[in-house]
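Subject: Structure for your review

Dear colleague,

Please find below the structure that I am handing over to you. A short account of what was found in it follows.

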Amino acid sequence: YSVTKQESLLTPHDEPYEEDCDDPRSHFRCTRHKITYRVTYHVGVQTEYRKRAHCCPGYYESRGVCVREYPDLLQSRGRPRRWRLALREGLSRGL
């Protein structure tokens, strides 16, 4: 899918000005340059890609992670809590 984004950029601008020259005996004016930065805006379209989890059989994708089709099996009392957490972490990494 595509998204419209607005970017703000600082762009340099040269502002020449005249002042008395450094030599006090000179009657000439010297040109100096002052660099200032202004904010400019740019609107563009950017293509975004959705990350998809590749789930094992018996699991489905939900919000970018793999979820077991039968969550009551993960809650069974016969399995230690560490095992259930390790299984969930492994699934979210696509293992």
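Is Cys56 buried, partly exposed or exposed? With a relative accessible area of 33%, Cys56 is partly exposed, since buried would require a value under 20% and exposed one over 50%. Please keep in mind that this is a predicted model.

To place that residue in context, I begin with the overall architecture. The protein has four strands and one helix. Read from the N terminus, the order of these elements is β-β-β-β-α. Of the 95 residues in the protein, 12% are buried. The accessible surface amounts to about 8600 Å², and carbon and sulfur atoms account for 51% of that surface. Where contacts link residues at least 6 apart in sequence, 42% of them join residues at least 24 apart.

I turn next to the disulfides. Two were found when the whole structure was searched. If the bonded cysteines are numbered in sequence order, they pair as 1-2, 3-4. Cys56 takes part in no disulfide; the nearest cysteine sulfur belongs to Cys66, at a distance of 6.6 Å. A disulfide calls for sulfur atoms within 2.5 Å, so that distance does not qualify.

One disulfide is formed by Cys21 and Cys30, with 1.7 Å between their sulfur atoms. The angle about the S-S bond is 110°, and this link is right-handed. Cys21 has a relative accessibility of 18% and therefore counts as buried, the limit being under 20%.

The other disulfide connects Cys55 and Cys66, with an S to S distance of 2.3 Å. Here the angle about the S-S bond is -95°, and the link is left-handed. Cys55 lies in the loop between strand S2 (29-47) and strand S3 (59-62), while Cys66 belongs to strand S4 (residues 65-68), so this pair ties together parts that are 11 residues apart in sequence.

How do the two partners of this link stand with regard to accessibility, and what is the relative accessible area of each? Cys55 is partly exposed, at 27%, whereas Cys66 is buried, at 9%.

In summary, the predicted model contains two disulfides, one between Cys21 and Cys30 and one between Cys55 and Cys66, while Cys56 remains outside any such link.

With kind regards

Methods: Residues are numbered from 1 along each chain as its sequence is written. This is a predicted model: local features need pLDDT of at least 70, side-chain atom pairs count only at pLDDT 80 or more; totals for chains, interfaces and linings use all residues. Side-chain values use heavy atoms; hydrogens and water are left out. Helices (H or I, at least four residues) and strands (E, at least two) are DSSP runs, numbered from the N terminus. Buried means under 20% relative accessible area, exposed over 50%, partly exposed in between (1.4 Å probe, protein chains only). Contact means heavy atoms within 4.5 Å. Accessible areas come from the Shrake-Rupley method with a 1.4 Å probe; for residues, only the protein chains shown count as cover.
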